[in-house]
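Thank you all for coming; I would like to walk you through one structure this morning, going slowly for anyone who has not met it before. Please look at the sequence and the model as they come up on the screen.

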Amino acid sequence: MSARNMQPQKRNLVLAYGQPLMKAFLATSAVHLTANSHAGARDYEDWLELEPGSVTTLLNSLQPDRIPLQPSLVPSKASSTTPPLVLGGVFRFANNKWPLLWLKILHHLKQHAPFEVRSILLGNGPLRTEAQAWAAQHGLGEDVIEWRPSKENAGEIYAGMSALLLASRVEGTPNVVLEAQASGLPVVACDVGGVREAMLLHEDGNEQNDNLLLEADIAAEAAAEAIIKWWPRVARGSADARRRAVLDAYDYRVTANAALALYGRSEAAS
């Protein structure tokens, strides 16, 4: 049984039978609960009153040949100006992804950033039309936002972006955060679910890399201010280093071997 993100009530699924039913399943020797992040595993252990370590973490995995490194948009290091920020958004236009918060952050960036800001948005969902209307009403026209249809190929999804922003207030382990880093992009995202792990940041937050972790309930103005301070520091960072780091952490062979071990198999994945 796989727990993809967090306990049901955190996803607005208040099911009275959920906890006792899962406990009944877990009482049998044939059922084992897994999660795709350490944060999700701990969350389910707390919810189900299990001993620490009862839920196995099987991380999402990346296959390098399916996610090409994006050509760098960064100009020569000899330039003294901050490169443009082409902020990408890849998400379903639904309440849990907070698309209007994403747009409000972009709006504040356009008003206050001392460098050029543009954006690329991909995704469908019930709030896409509302989001487009809000953007038009606030001066975020086609010169600011490129609205793309959904794509399946990672090379096309992240093409032209220089960073990814995910403003979700509910997440498990977001694949877009992993894929963006594998494409060479730095990531900005809110500290929810398994986002911190996906951004390769330690629990104490002391390790600094090119990614920017925002507070879970951050306001648009504060998020924009943080990005304005962050972008000049990471704009010329190494896309290759970002890619190597996330591919090492989310190596598909490691996940495959962990899954085999869970089923009592020892064959090494190749």
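**Loops, helices and cores**

Let me begin with L200, whose place is in the loop between helix 7 and strand 9, where helices (H or I, at least four residues) and strands (E, at least two) are DSSP runs, numbered from the N terminus. Before going further, I should say that this is a predicted model, in which local features need pLDDT of at least 70 and side-chain atom pairs count only at pLDDT 80 or more, while totals for chains, interfaces and linings use all residues. Residues are numbered from 1 along each chain as its sequence is written, and side-chain values use heavy atoms, with hydrogens and water left out.

L200 has a phi near 60 degrees, which is a positive value in a residue other than glycine. Most residues other than glycine have a negative phi. L200 is also buried, with a relative accessible area of 19%, where buried means under 20% relative accessible area, exposed means over 50%, and partly exposed is in between, using a 1.4 Å probe and protein chains only.

A second residue to set beside it is E49, in the loop between helix 2 and strand 3 (56-57). Phi of E49 is near 55 degrees, again positive in a residue other than glycine, but E49 counts as exposed, at 63% relative accessibility. E49 comes just after helix 2, and the buried residues of that helix, which spans residues 38-47, are G40, A41, D43, Y44, E45 and W47.

Let me step back to the whole chain. The protein chain has ten helices and nine strands, and buried residues make up 46% of its 270 residues. If we take contacts (heavy atoms within 4.5 Å) between residues at least 6 apart in sequence, 70% of them join residues at least 24 apart.

Which residues have the most contacts inside the largest nonpolar core? They are L85, W102, I105, L109 and Y158, in a core of 67 residues; by a nonpolar core I mean a set of buried Ala, Val, Leu, Ile, Met, Phe, Trp, Tyr and Cys residues joined through side-chain atoms within 4.5 Å. The largest share of this core, eight residues, comes from helix 8 (residues 220-234). A second, separate core of eight residues includes L33, A35, A41 and V55.

I105 leads us to the helix packing, since, leaving aside residues up to four places away in sequence, I105 touches L165, A167, A220, A223, A224 and I227. Helix 3 (residues 99-112) packs with helix 8 at an angle of about 55 degrees, their axes being 8 Å apart; axes here are lines fitted to C-alpha atoms, for helices over the stretch in contact, and angles run from 0 to 180 degrees between N-to-C directions. That makes helix 3 oblique to helix 8, given that angles under 35 degrees count as roughly parallel, over 145 as roughly antiparallel, 65 to 115 as roughly perpendicular and the rest as oblique. On the helix 3 side, L101, K104, I105, H108, L109 and H112 meet A220, E221, A223, A224, I227 and I228 in helix 8.

With helix 4 (residues 128-137), helix 3 packs at an angle of about 20 degrees, and the axes are 10 Å apart. Helix 3 is therefore roughly parallel to helix 4. Here L100, L103, K104 and H107 in helix 3 meet E130, A131, W134 and A135 in helix 4.

Next, is helix 6 largely enclosed or largely open? Six of the eight residues of helix 6 (residues 175-182) are buried, so this helix is largely enclosed by the rest of the structure. Those buried residues are V176, V177, L178, A180, Q181 and A182, and they pack against strand 4 (85-90), strand 7 (163-166), strand 8 (187-190), helix 7 (195-198) and helix 9 (239-249).

I will finish with two charged side chains. R148 lies in strand 6 (residues 145-148) and is buried, with a relative accessible area of 13%. Its side chain reaches the backbone oxygen of E156 at 3.3 Å, and a polar atom of that R148 side chain lies 2.9 Å from the backbone oxygen of A159.D210 lies in the loop between helix 7 and strand 9 (212-214), and the side chains of D210 and R242 are joined by a polar contact of 3.0 Å. A polar contact is a pair of N or O atoms within 3.5 Å; within protein, one must be able to donate a hydrogen and the other to accept it, and residues adjacent in sequence count only if both atoms are side-chain atoms.
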